[in-house]
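Subject: Structure handover

Hello,

Here is the structure we talked about handing over. My notes follow below it.

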Amino acid sequence: MSRVGVIFVSVHHENTLKILQAMKKEIEMDLIPINYVKSADLTQYTYLGFASGIYYNKLSPALLKQIHKLDLKDKKTFIVYTCGSHYKKYEAEAEDMLKAKSTYLGTFYCRGYDTFGPLKLIGGIAKKHPNIKDERLAQAFISDIVLR
């Protein structure tokens with residue numbers, strides 16, 4: 001069976017980690033925090049995901065730096081992210097890099113509880129996300145790309 005690894009950054013409310021944990025219930029995978037990438041053996045993975053919350057309207061800069069640095073020639077890659085609101089294609093920069101360096105399989109995103117900046121004053125947005133529906137959609141996504 002092909003091995004699946006996901007390099008991730010999940011900071012404020014761990015929304016992205018919640019989605020990855022839901023995916024992990026569906027498909028066996030290793031979750032690799034961004035600060036453990038240097039010590040991880042990425043050669044063992046056929047599938048390599050990159051997951052992040054959205055920070056200042058972008059995926060984590062540390063995650064983008066890893067995508068840029070890593071040799072992904074023989075990898076099947078994907079992106080997972082959570083965001084308070086979705087009004088633009090936050091994954092565009094990472095997607096372009098992955099399409100150039102790997103076999104890119106797609107992106108999963110959902111809303112996630114967000115209290116960044118002034119949103120904190122109103123108690124945040126997307127308060128009930130990720131929810132069970134988001135988790136099930138994430139599970140369907142990972143099953144589809146790994147088991148197809």
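Which residues do ring pairs link into a cluster? They are Tyr81, Tyr87, Tyr90 and Tyr109. Please keep in mind that this is a predicted model.

Aromatic pairs

A pair of aromatic rings is described by the distance of the centres and the angle of the planes. Searching the whole structure gives five aromatic pairs. One of them joins Tyr87 and Tyr90: the ring centres are 5.8 Å apart and the planes stand at 80°, so this pair is edge-to-face, the cut-off for that class being over 60 degrees. The two partners sit in opposite surroundings. Tyr87 is exposed, with 55% relative accessible area, whereas Tyr90 is buried at 7%.

Another aromatic pair is made by Phe108 and Phe141. Here the centre-to-centre distance is 5.9 Å and the planes are 40° apart, which is a tilted arrangement. Which elements does this pair tie together? Phe108 belongs to strand β6 (residues 103-111) and Phe141 to helix α4 (residues 132-147), so the contact between the rings bridges parts that are 33 residues apart in sequence. Both rings come from buried residues: Phe108 has a relative accessible area of 7%, and Phe141 has 14%.

Fold and overall dimensions

The protein has four helices and six strands. Their order along the sequence is β-α-β-β-β-α-β-α-β-α. The radius of gyration is 15 Å, close to the 15 Å that the globule rule gives for 148 residues, so the protein is as compact as a globular protein of that length. The C-alpha trace spans about 45 × 30 × 25 Å along its principal axes.

How much of the protein counts as buried? The share is 48% of the 148 residues. Among contacts with a separation of 6 or more, 73% are between residues 24 or more positions apart.

Surface and charge

The accessible surface comes to about 8100 Å², and carbon and sulfur atoms account for 52% of that area. On the charge side, the protein has 22 positive and 15 negative charges. The mean positions of these two sets are 4 Å apart.

Regards

Conventions:
Residues numbered from 1 in each chain as written. Predicted model: local features only at pLDDT ≥ 70, side-chain atom pairs only at ≥ 80, totals over all residues. Heavy atoms only, no water. Phe/Tyr/Trp six-rings, centres within 6.5 Å; stacked < 30°, edge-to-face > 60°. Buried < 20%, exposed > 50% of the residue type's maximum accessible area, 1.4 Å probe, protein only. Helix = DSSP H or I, 4+ residues; strand = E, 2+ residues; numbered from the N terminus. Rg over C-alpha atoms; globule rule 2.2 N^0.38 Å. Contact = heavy atoms within 4.5 Å. Areas by Shrake-Rupley, 256 points an atom, 1.4 Å probe, with all protein chains shown as cover. Lys, Arg positive; Asp, Glu negative; His and termini not counted. Charge placed at Lys NZ, Arg CZ, Asp CG, Glu CD.
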